[in-house]
Structure formats: C-alpha cells, structure tokens
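Please walk through this structure with me, one part at a time. The sequence and the model come first, and the explanation follows.

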Amino acid sequence: MVKRTIIAASAAIILAAGLMSCSSGDLYSAPKFKAEEEIRFELLSDELMFTPWGIKQRDTLLVVPGFSTESQNTLFVFDKNTGELVREGVRYGRGPGETVDGYYNVTLDGDTVRYHERSGMGNMSFSLREFVESGSSMSCTKESRMLPKWCMYYRELPEDRRLTIQSKGYQSKDTMAVRSVSVENPDGTVARYDGSPVKDPAESFVTYMQPYVTVSPDGTRLAVASGYGAILETFDISDGIENISTSYYLDPDVTVTGGTSVRSDDSVFGIGGMCSTDDMVFCSYDGETRYGDMRRRPREERPLIYRNIAAFDWRGRPQILYRSEYRVMYLCADENNGSRIYAILSDNEGMYYIGAAEL
C-alpha cells in the first residue's frame, strides 16, 4: 500500500501559537505558576547500584530501565510499596533476548515492555509478568523496523499506531522540515506536523536532538519539550495530529558556529523528564540555575539542579510548582492515583534512589 501523508500544520502556525501563549510581547516568558508547594519524597529503595534511565509503573511494580556495569543487566523491577528489587535481567549484548542500546528508550504499554533499538538489532518486546516470573528466560518478540533518518524519538501508541520525532541535520541537503512529529496508522497513512518552534535550522537541530516526550495514558495527547530551555508543545493525536499549544517559557540559548554548538552561560536549565495523566503534564523543572554558574564551580560546589516538579495542563498552562530536596531525574504517575508520583531521585553525592510522593 502506498503511504499517504497528511500535513497537519506549518512552522508559521507553530510560531503564531507560541506568540499567543506568551504573557508579554517578548517571545520567551518564564512560567507563572498559580501556586508553589513543598513536596516530600519517601525513599522506597536503598542506593541504586546501576545507572537508571527512566521509571514506569504497572500494578504493584515499578519498572526501571538502566545499566549495571557489574551484572550487565538493563532492566530492574521493584515492588512499588516496599521498594524491594523483584527481578533484574535483559543483558547488554547482541545475543537472543539481549540489547545494545534499547534500554535508553523503553516503553511500557499495559503488560508489554518494549525496547526501541537504534543499533539495527530490531525492537524487542516481551511480557512484564513473564519477565517477573521467569527472568531473562522469558519469550520475546523481535521486530526488524527501519527507523526514519534523523529519528530522535520513537514509540508505539495504542491501536497499533507509531510515533516518530525527527530532527533533520541542518547541513543535510534533503527538503524535509527541520523538525517533524509523525503518527503512523496501521493502514500506512501518516499524520505529520512539520516545523520547529526554533526558527534557525542549526539551533533547532541541537535543541531537539534529545526532546522530552510524554503521551497521555489514554493515547490521545502528546507533549514535547525542548532539550534545552523550556519550550512546551502539546498535541491532540486522537485522530491525526493537531497542535493544541506551543508555549515559549525559557530560551534554549544555544548557538551553532562552524558545526559546533555553544550554550550561553546565561541560559537557564528548564524542563527535564516528563510524565502525564489524562488531565495534567508533569515534568522535572529547574527554572533558576544558570549554565555558567554550574560550569564555573567545582563539581562538589555545584547546586542541585532540577529540584522541582512543574505541573501544566494540556493547554501548556502552568498550574503548580512543587519544590523538593532532591534532583528529580525521571518520574511517572501512578496509573490508579494520578496524584501519587514515583521518581528516580539523585542527591548532592550523585547517588540514585527510587522515591514516592503525594502531590
């Protein structure tokens, strides 16, 4: 079947939406939250003896992808109530049931765990229940899928749809938009939203090399945040893809000269890891610390960045800023209680923990 492409919007529309979302005549305007609250995390785990790369929740379990230099395992499952390690496995490697880089991008849809490989080995999926019961001897499915050129993010969506975010290399000679968000349907049709909130092609490429992304649990909405600064876009993806809002909060403040990107010392750390409920978008957030202040200080004297959780509605409007005593690396909302948050936390010593808190 020949794939059809639906163009849902243009860069001009994105820019207009962003201008409307600002509270002043300037393009960027820091978010003004309706309230600020202190949040206290309960540490569920001891120090994690591996490097975590996310956190997901399912039933009574917390799923944490990561990498252990000791065991070479990349998946760790904990009891969400006790913090006890229930099972670990999925070794790093090229053998059956192993992974090379899929643990950097793991999704959990119902009982299905998916590893999204960029190494060419093919995506891998398996049952979380079976993994807990059998460890790495669980049965798994491999799917050979060629990701599009310049793909920076990929995941499956409900109803066999696929989400892709591309950020074209600014020196490329092809004519694809610098940044493109696509939803592919089972019948091969593609809904695509072309264009970038960052006008300069080189700066856009750097800003969206590692975007932060969350999809609502019901699969109808998508939020994308810039890798630098704080530009927050929300989309309706229930039928095609339509921009809901684009909010320009903090300037990425990145320039590219001669193929090298430089971050301004005045740039402020903005949005980090994201998660969502059907009503809200949550993200780790700083909004205060300047890059130059971090760069100039000795490591032991650097402030703890991303100590906040920012709550936005699905129109990108700031609601509540929660302040904590830890760096919030990754977070997820309880599937049955959206006010309970689980997070990968880090302290001033650089140690990692699993924590839980009520919003």
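A residue is called buried when its relative accessible area is under 20%, exposed when it is over 50%, and partly exposed in between. Keep those cut-offs in mind. The model is a predicted one.

Start with two loop residues. D253 sits in the loop between β20 (242-250) and β21 (254-257). Its phi is near 55°, a positive value in a residue other than glycine. Is D253 buried, exposed or partly exposed? Its relative accessible area is 28%, so D253 is partly exposed. E159 also has a positive phi, near 65°, and is not a glycine either. This residue belongs to the loop between β13 and β14. With a relative accessibility of 65%, E159 counts as exposed.

Now turn to a run of strands, β9 to β11. Strand β9 covers residues 106-109 and pairs with β10 in the antiparallel sense, over four bridges. Within this pair, V106 stands opposite Y115 of β10. The two strands form a hairpin with two residues between them, and G110 there takes a positive phi near 65°. On its way, strand β10 (residues 112-115) alternates its side chains. V113 and Y115 point to one face and are buried. T112 and R114 point to the other face and are not buried. β10 also pairs with strand β11 (residues 123-127), again antiparallel and over four bridges. In that pairing, T112 stands opposite S127 of β11.

Stay with β9 for one residue. L108 lies in this strand. Its relative accessible area is 18%, so L108 is buried. What does L108 touch, leaving aside neighbours within four places in sequence? The contacts are K56, Q57, R58, V63, V113 and L128. V213 is 105 residues away from L108 along the chain, and the C-alpha atoms of the two are separated by 14 Å.

Next comes the interior. In soluble globular proteins, nonpolar side chains tend to be buried together. Here the largest nonpolar core holds 19 residues. Which of its residues touch the most other members? They are L163, V181, L222, F235, I237 and I241. Many strands feed this core: β13 (151-157), β14 (161-167), β15 (179-184), β16 (190-194), β17 (212-215), β18 (221-225) and β19 (230-236) each supply at least two of its residues. Take F235 as an example. Leaving aside neighbours within four places in sequence, F235 is in contact with ten residues' worth of surroundings that include R179, Y193, T220, L222, V224 and I241. Another core lies apart from this one. That core has 17 residues, among them F33, V281, Y285 and L321.

Look now at strand β23, residues 271-276. Six of its six residues are buried, so β23 is largely enclosed by the rest of the structure. Four bridges join β23 to strand β24 (residues 280-285), and the two run antiparallel. They form a hairpin with three residues between them. Across the pair, M274 stands opposite C283 of β24.

Then find the open sheet. Four strands make it, in the order β3-β29-β28-β27, with antiparallel pairing. β3 (42-43) and β27 (327-333) stand at the edges with a single partner strand each, so one side of each is left without a neighbour in the sheet. Strand β28 (residues 340-346) and strand β29 (residues 352-358) run antiparallel and are joined by seven bridges. In this pair, I344 stands opposite I354 of β29.

I354 comes up again with S45. This serine sits in the loop between β3 and β4 (51-52). At 9% relative accessibility, S45 counts as buried. Leaving aside neighbours within four places in sequence, S45 is in contact with G83, Y353 and I354. S238 is another matter: S45 and S238 are 193 residues apart in sequence and 37 Å apart in space, C-alpha to C-alpha.

Finish with a pocket. The second largest pocket holds about 380 Å³ of space. It is lined by 15 residues, and the closest to its centre are R299, L304, D347, N348 and G350. How does the lining divide by kind of residue? Six are nonpolar, three are polar and six are charged.

Technical notes
Residues are numbered from 1 along each chain as its sequence is written. This is a predicted model: local features need pLDDT of at least 70, side-chain atom pairs count only at pLDDT 80 or more; totals for chains, interfaces and linings use all residues. Side-chain values use heavy atoms; hydrogens and water are left out. Buried means under 20% relative accessible area, exposed over 50%, partly exposed in between (1.4 Å probe, protein chains only). Two strands pair if DSSP finds at least two bridges between them. A nonpolar core is a set of buried Ala, Val, Leu, Ile, Met, Phe, Trp, Tyr and Cys residues joined through side-chain atoms within 4.5 Å. Contact means heavy atoms within 4.5 Å. On a 1 Å grid over the protein atoms alone, a cavity is a set of points where a 1.4 Å probe fits but cannot get out, and a pocket is an open set with protein on both sides within 12 Å along at least five of seven lines; lining residues have an atom within 4 Å of a point. Grid points are joined across faces, edges and corners, and a volume is the space filled by probe spheres set on the points. Ala, Val, Leu, Ile, Met, Phe, Trp, Tyr, Cys and Pro count as nonpolar, Asp, Glu, Lys and Arg as charged, and the others, Gly among them, as polar.
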